[in-house]
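Good morning, colleagues. Please bring up the sequence and the structure, and I shall then take you through the main points in turn.

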Amino acid sequence: VSGPGTATGQEGAEPALSAENLQRVCDFLYRRTGMSYGEAKRYYIERRVAERMQRTGSGSIAAYMALLRGSDGEAEHLVNSFTVNETYFYREEHQLRCLSRVLLPEVVRRRGPGDLVRIWSLPCSTGEEPYSIALWLLENWALVDAYHIEIVGSDIDTRVLEAAMAGEYGVRALGRLPAELTRHYFEPVEGDRRRIIQDLRESVRFTQANLVDAASMAAQGRFDIVFCRNVLIYFDDASRLAASVNLYDALNPGGFLCLGHSESMSRISDRFTVRRFEDAVVYQRPEAA
Ligand SMILES: C[S@@+](CC[C@H](N)C(=O)[O-])C[C@H]1O[C@@H](n2cnc3c(N)ncnc32)[C@H](O)[C@@H]1O
């Protein structure tokens with residue numbers, strides 16, 4: 001699939017995927033994930049399709065598309081190869097501060113000691129975000145032991161979920177964590193790599209979920225706080241709208257939604273109340289809804 005013209009733009013070279021086949025791949029991914037790809041990402045798309053064709057021994061794009069349509073396993077591999085999984089510990093720390101200073105105190109005002117409080121990191125990629133939440137609460141929320149805090153990490157990508165469960169990280173993922181926290185909560189494995197300690201590994205439950213699929217979202221139940229950061233940027237308006245409906249339904253009345261710094265609900269949905277706190281802007285499902 002990787003024709004010379006695609007990478008270099010050489011004149012006269014045939015593109016590896018015809019416009020029609022490229023569109024077919026994009027439509028397939030869009031229906032499965034909500035992620036919106038097109039001609040502008042031709043090189044990215046061709047590289048991934050070429051790799052999957054080679055791995056599956058498909059002799060032509062037609063053969064590969066037939067395989068893709070008939071095999072959930074291959075669809076999963078293709079989706080996994082297209083996701084962008086960039087993440088790291090203590091990303092957008094100001095939201096974690098908001099979580100312990102304002103959001104959780106508001107949530108537990110109507111709970112008693114020992115009651116369940118559910119926090120969802122979706123998408124969680126390789127686990128840095130939900131583990132950061134667990135770690136942050138241990139370090140910064142005095143009431144952490146007074147409630148039953150359940151943290152769930154979900155993603156559409158099954159490969160990152162496996163990595164999240166393994167809990168092993170390199171220097172880049174750990175770069176923003178204060179050194180004493182790295183020493184305290186991670187044990188050395190090989191070279192520079194470190195593994196998050198068992199207590200923290202066990203404090204997060206990982207499951208697969210698809211933001212644009214109502215049934216897979218509903219299967220996780222309702223949450224008090226949802227972190228949905230840095231994924232809506234890969235969606236078009238229709239997928240963002242579908243995600244906003246599913247996220248709203250995933251929240252308990254009065255529950256909070258935190259988005260990534262370049263993302264906003266205001267243009268997508270008017271069902272959330274915008275709460276402007278000192279540390280972050282957060283979206284709230286109204287109490288009476
Ligand atoms: C850039 S990462 C964000 C990770 C983390 N929330 C953060 O901000 O550091 C984007 C993640 O979105 C996931 N993703 C893409 N489409 C999704 C969907 N429809 N449902 C659930 N996760 C999805 C990808 O697999 C990827 O791991």
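A salt bridge, as the term is used here, is a side-chain nitrogen of Lys or Arg within 4 Å of a carboxyl oxygen of Asp or Glu. Please bear in mind throughout that this is a predicted model.

With that definition in place, a search of the whole structure finds 20 salt bridges. I have chosen one of them for closer discussion: Asp72 and Arg32 meet through their side chains, at 3.5 Å from N to O. Which helices does this pair tie together? Asp72 belongs to helix H5, residues 72–82, and Arg32 to helix H2, residues 19–33, so the salt bridge ties together parts that are 40 residues apart in sequence. As a general remark, side chains of opposite charge can pair when their charged atoms come close.

I turn now to the ligand. The space that the ligand takes is the largest pocket. Around the ligand there are 21 residues, and those that come nearest are Thr33, Thr87, Pro123, Asp155 and Asn230. By character, the shell divides into eight nonpolar, seven polar and six charged residues.

Which side chains place a polar atom by an oxygen atom of the ligand? Asp155 has a polar side-chain atom 2.5 Å from a ligand oxygen. For Thr87 the corresponding distance is 2.6 Å, and for Arg91 it is 2.8 Å. On its own, the ligand has 610 Å² of accessible area, and the protein covers 99% of that area.

Finally, two points on the backbone. Pro123, already named among the residues that come nearest to the ligand, follows a cis peptide bond from Leu122, with omega near 5°. Pro123 is found in the loop between strand E1, residues 116–121, and helix H7, residues 128–140. The second point concerns Tyr90, a residue other than glycine whose phi is positive, near 60°. Tyr90 is placed in the loop between H5 and helix H6, residues 93–108.

Conventions
Residues numbered from 1 in each chain as written. Predicted model: local features only at pLDDT ≥ 70, side-chain atom pairs only at ≥ 80, totals over all residues. Heavy atoms only, no water. Near = heavy atom within 4 Å. Polar contact = N/O pair within 3.5 Å; in protein donor to acceptor, adjacent residues only side chain to side chain. Areas by Shrake-Rupley, 256 points an atom, 1.4 Å probe, with all protein chains shown as cover. 1 Å grid on protein atoms, 1.4 Å probe; cavity = no way out; pocket = protein on both sides within 12 Å on 5 of 7 lines; lining within 4 Å. Sits in = over half its atoms within 2 Å of the grid points. Nonpolar A, V, L, I, M, F, W, Y, C, P; charged D, E, K, R; others polar. Helix = DSSP H or I, 4+ residues; strand = E, 2+ residues; numbered from the N terminus.
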